[in-house]
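The following exercises treat one structure, each with a worked solution. Have the sequence and the coordinates open while working through them.

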Amino acid sequence: VPRTQDVPVYLDAVGSVRALNTVTVRAQVDGKLIKVNFVEGQDVKQGDVLGEIDPVIYQAQYDQAVAKKAQDEALLANQKLDLARYQQLAASNAGSKQQADTQRAVVAQQEALVNADQAAMDNAKATLGYTKIIAPLSGRAGLRQVDQGNIIRAADATGLVIITQLQPIAVQFSLPQQQIVRVNAAAAKGALAVDVFGNDGVTVVDTGTLKGIDNQVDPTTGTLKLKAEFPNATFQLWPGQFVNVRLKVETIEKAIVVPTSAVQRGPNGTFVY
């Protein structure tokens, strides 16, 4: 018996799962790796200390910068006292104005030196902070690239570990260029839902939202790339995985439908008797 109902219209594709962010965590200073604070495969949070480099040399440089600033500040305080005395003498004509002006220049020069000391101290403090290797984002830590006790360098290409963001996660897929107008028209009306199927091709393992449409068609394949984002709450999706994707582009309202078993095939195609 025919009946009417709202029928969703989907476009099917095959996509690849990709991490939204992947970072190779590298040291910013050279030194001996004295501690590793994560386990391979562990979920880490942004700001976690993943490793520690021996800080002895960098602590000494910071202490030296602090001492240098204190020394120059003491000298500046004495020079300011001399300037006040020279100004009093010059005001009562008991001393030369040239001497007061010269002392004022000496004070300005010493103030600039103290400012330079502060900059050197800030730089030494920042360098000392780099002895703690910090996670730049939250995600899943991969396999450790450097073992504790080794010398780690800022120039090392491999870094300490690679962190991959798994929640949320992205899926990139392509559609034929003939569907560009249809997809753009649907996207203009609002966010489009995207489903990802499991290995059985039937079960929907996650539902996300279309986030981006590429700005050009690949001339070699005649397809357009699209990107969807999924919450991946149960880690069903993994970077590098190939999945079946279904993009919902519209809903036909009050469409006339019949049971699949009622559709027959004849020499002229399908029909319902």
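**Exercise 1. Find the residue opposite Gly51, and then place its strand in a sheet.**

Step 1. Gly51 faces Ile133 of β6. The model is a predicted one, in which local features need pLDDT of at least 70, side-chain atom pairs count only at pLDDT 80 or more, and totals for chains, interfaces and linings use all residues. Residue numbers start from 1 along each chain as its sequence is written, and side-chain values use heavy atoms, with hydrogens and water left out. Helices (H or I, at least four residues) and strands (E, at least two) are DSSP runs, numbered from the N terminus.

Step 2. Strand β5 (residues 49-53) and β6 run antiparallel and are joined by 3 bridges. Two strands count as paired if DSSP finds at least two bridges between them.

Step 3. β3 and β5 also pair in the antiparallel sense, over 3 bridges; Lys35 has Glu52 in β5 as its bridge partner.

Step 4. Strand β3 (residues 31-36) is joined to β8 by 2 bridges, and the two run antiparallel. Here Lys32 stands opposite Ile151 in β8.

Step 5. Put together, the 4 strands form an open sheet with antiparallel pairing, in the order β6-β5-β3-β8. β6 (132-134) and β8 (151-152) are at the edges with a single partner strand each, so one side of each has no neighbour in the sheet.

**Exercise 2. Give the strand order of the open sheet that contains β7, and name its edge strands.**

Step 1. Strand β7 (residues 139-141) pairs with β9 in the antiparallel sense over 2 bridges. The bridge partner of Ala141 in β9 is Ile163.

Step 2. The order is β2-β9-β7-β4, an open sheet of 4 strands with antiparallel pairing. β2 (22-25) and β4 (43-44) are the edge strands, each pairing on one side only.

**Exercise 3. Describe the hairpin that joins β15 to β16.**

Step 1. Strand β15 (residues 263-266) and strand β16 (residues 269-272) run antiparallel, joined by 4 bridges.

Step 2. The hairpin connects them through 2 residues. Val263 stands opposite Val272 in β16.

**Exercise 4. Characterise the contact of α1 with α2.**

Step 1. Two packed helices are described by the angle between their axes and the distance between the axes. Axes are lines fitted to C-alpha atoms, for helices over the stretch in contact, and angles run from 0 to 180 degrees between N-to-C directions.

Step 2. The axes of helix α1 (residues 56-91) and helix α2 (residues 97-129) come within 8 Å and cross at roughly 165°.

Step 3. α1 and α2 are therefore roughly antiparallel to each other (the class for angles over 145 degrees).

Step 4. By class, their contact has 18 nonpolar, 9 polar and 11 charged residues. Ala, Val, Leu, Ile, Met, Phe, Trp, Tyr, Cys and Pro count as nonpolar, Asp, Glu, Lys and Arg as charged, and the others, Gly among them, as polar.

**Exercise 5. Describe the lining of the largest pocket.**

Step 1. A pocket is an open set of points on a 1 Å grid over the protein atoms alone, where a 1.4 Å probe fits, with protein on both sides within 12 Å along at least five of seven lines; lining residues have an atom within 4 Å of a point.

Step 2. The lining includes Arg182, Lys189, Lys248 and Glu250. α3 (180-189) and β14 (242-257) are the elements that give two or more residues to the lining.

Step 3. By class, the lining residues are 6 nonpolar, 2 polar and 4 charged.

**Exercise 6. Locate the backbone exceptions at Pro168 and Asn232.**

Step 1. Most residues other than glycine have a negative phi, and most peptide bonds are trans.

Step 2. The peptide bond from Gln167 to Pro168 is cis, with omega near -5°. Pro168 is in the loop between β9 (161-164) and β10 (169-176).

Step 3. Asn232 has a positive phi, near 55°, and lies in the loop between β13 (223-230) and β14.

Key:
Parallel < 35°, antiparallel > 145°, perpendicular 65-115°, else oblique.
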